Number of protein chains: 2
Amino acid sequence: MNKELPPWEKAREEFVAQWGSFGTQWGINRTMAQIHALLMTAPEPMCTDEVMEKLEISRGNAHTNLKDLVGWNLVRIITRKGDRKEYFEAEKDVWKIFITISKERKRREIEPAIHLLRDCADRTKDEAAGPGREFHQQMKDLDEFLSFGVKVADTVITMKHASALQWAMRLLG
Amino acid sequence: MNKELPPWEKAREEFVAQWGSFGTQWGINRTMAQIHALLMTAPEPMCTDEVMEKLEISRGNAHTNLKDLVGWNLVRIITRKGDRKEYFEAEKDVWKIFITISKERKRREIEPAIHLLRDCADRTKDEAAGPGREFHQQMKDLDEFLSFGVKVADTVITMKHASALQWAMRLLG
DNA sequence: TCACGGTTTCACTAGAAACTGAAAATACCG
DNA sequence: CGGTATTTTCAGTTTCTAGTGAAACCGTGA
């Protein structure tokens, strides 16, 4: 059944499967990563049933993860006139993907962490010396570092790919 | 029992607990993140039993995660003369922590991904047109992007904190 | 209004990951 | 050598997450 696949599709299946495992290493679940890989390499937008079939997963699973990907702004819904089905299409531009993921991670992961650090720093700002003071300083250091990172990210995020590239090249130069 | 804790220790407990949850959002398991937070804010190196007690976890759990952290180079083992126990101490310098984590993630996550992409690109390099060609290009694009990222990371990794800061400031400037 | 194609939800289950506790291994000391 | 303090391993258990499949829920057109 796999024999009939054109060679590039074989490579694609490899890619999808492996991308799934990589996903799990990050916090991302296997199916979500696989669907993303699948759509990134899809010549045309795909519907839920096609995804189900390709990955041999249930409708519920396909549905939830497709919608999650839409929530991450990595996939958009396409509708066709005279067709009630929804089709899904992934962003393929690598730079845009990078921007999108950075934004989301910043919002979901970094910013909450910064809040925690500020809170802990605040609660110990009157510590004059000793372990308490050191703790306070550590919280401030972490906060400062992450906040600075966010600033850099914000700058990069608003850059065009070309400008970012140019900027980075200067560093490597 | 918590009443007797100095205020900074209360903040610390909050920090440790929360850092644990953040950990899970990344691929990191709760306990490992908590131990890391605990050690980062420890005035002195701690031994296994202290960690067990503070976090109310089993010896096995404490042991495995401490050793994992050592494996990540985020924690080092300290021994004291006349004392058979091992003590654990976390790197506290934020920049160094960042460097260490970047290195490890690069090695464990990015480089394997690059290999996969190269392999998939290679296997489809003869596709002349159509979907096969597009797939090939997508693999190449992803590879190029990640490889470039690695180069940038390698440069940053070898920089002193001050130089990196200066460099980043110019961007924000 | 009903029937149909499609989407969404959700109670349940399978499997993975984390954790425990105790036994086994190791290191050190007289 | 014992004997003791500590580390390491691991079988068994718990906990959590991902995934299933079917029922409920739309929206549309006849």
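Arg30(A) is found in helix 2 of chain A, which spans residues 30–40. The model that holds this residue is predicted. Arg30(A) is partly exposed, because its relative accessible area is 41%, and partly exposed covers the range between 20% and 50%. Beyond residues up to four places away in sequence, Arg30(A) touches Gly20(A), Ser21(A) and Thr24(A). Gln18(A) lies 12 residues from Arg30(A) along the chain. The C-alpha atoms of these two residues are separated by 9.4 Å.

**Helix 2 in chain B**

Chain B has its own helix 2, again residues 30–40. Of its 11 residues, 10 are buried, so this helix is largely enclosed by the rest of the structure. Among the buried residues are Met32(B), Ile35(B), His36(B), Leu38(B) and Met40(B). Thr31(B) is on that list too. At the start of the helix, Asn29(B) brings a side-chain oxygen to within 3.1 Å of the backbone nitrogen of Thr31(B).

Gln34(B) also sits in helix 2 of chain B. Is Gln34(B) buried or exposed? Gln34(B) is buried: the relative accessible area is 14%, and buried means under 20%. Leaving aside neighbours within four places in sequence, Gln34(B) is in contact with Val16(B), Ala17(B), Gly20(B) and Leu55(B).

**How the two copies are related**

A turn of 180° with a shift of 0.0 Å along the axis lays chain A on chain B, with an RMSD of 0.1 Å. The two copies are thus related as by a two-fold rotation axis. Which residue of chain A comes closest to that axis? It is Gly27(A), with its C-alpha atom at 2.2 Å. Of the interface residues of chain A, 100% are also interface residues in chain B, so the copies meet through the same surface.

**The sheet of chain A**

Chain A has an open sheet of three strands in the order 1-3-2, with antiparallel pairing. Strand 1 (46–47) and strand 2 (75–80) of chain A stand at the edges. Each has a single partner strand, so one side of each is left without a neighbour in the sheet. Strand 3 of chain A covers residues 83–90. Six bridges join strand 2 to strand 3, and the two run antiparallel. One bridge pairs Ile77(A) with Phe88(A) in strand 3. Strands of a sheet pair through backbone hydrogen bonds, either parallel or antiparallel.

**DNA strand C**

DNA strand C is surrounded by 14 residues. The closest are His63(A), Lys67(A), Glu86(A), Thr31(B) and Ser58(B). Of the atoms of DNA strand C that come within 4 Å of the protein, sugar and phosphate account for 62%. By class, the surface near this strand has one nonpolar, seven polar and six charged residues.

Which elements each supply at least two residues of this surface? They are helix 4 (59–71) and strand 3 of chain A, together with helix 4 (59–71) of chain B. Helix 4 of chain A gives the largest share, four residues.

**DNA strand D**

DNA strand D has 14 residues around it. Thr31(A), Arg84(A), His63(B), Lys67(B) and Glu86(B) come nearest. Sugar and phosphate make up 63% of the atoms of DNA strand D that come within 4 Å of the protein. The surface near this strand has one nonpolar, seven polar and six charged residues. Its largest share, four residues, comes from helix 4 of chain B.

**Polar contacts to the DNA**

The table lists polar contacts by protein atom and DNA atom.

| Protein atom | DNA atom | Distance |
|---|---|---|
| His63(A), polar side-chain atom | DNA strand C, phosphate oxygen | 3.2 Å |
| Thr31(B), polar side-chain atom | DNA strand C, phosphate oxygen | 2.8 Å |
| Asn61(B), polar side-chain atom | DNA strand C, phosphate oxygen | 3.2 Å |
| Ser58(A), polar backbone atom | DNA strand D, phosphate oxygen | 2.8 Å |
| Lys67(B), side-chain N or O atom | DNA strand D, phosphate oxygen | 2.4 Å |
| Arg84(B), polar side-chain atom | DNA strand D, base oxygen | 3.1 Å |

Helix 4 of chain A together with helix 4 of chain B are the elements that give two or more residues to the surface near DNA strand D. Thr31(B) links two parts of this account. Thr31(B) is a buried residue of helix 2 of chain B, and one of its polar side-chain atoms lies 2.8 Å from a phosphate oxygen of DNA strand C. The burial figure counts protein chains only.

Notes
Residues numbered from 1 in each chain as written. Chains lettered and ligands numbered in written order. Predicted model: local features only at pLDDT ≥ 70, side-chain atom pairs only at ≥ 80, totals over all residues. Heavy atoms only, no water. Pairing = 2+ DSSP bridges. Near = heavy atom within 4 Å. Polar contact = N/O pair within 3.5 Å; in protein donor to acceptor, adjacent residues only side chain to side chain. Nonpolar A, V, L, I, M, F, W, Y, C, P; charged D, E, K, R; others polar. Least-squares fit on C-alpha atoms with pLDDT ≥ 70 in both. Contact = heavy atoms within 4.5 Å. Buried < 20%, exposed > 50% of the residue type's maximum accessible area, 1.4 Å probe, protein only.
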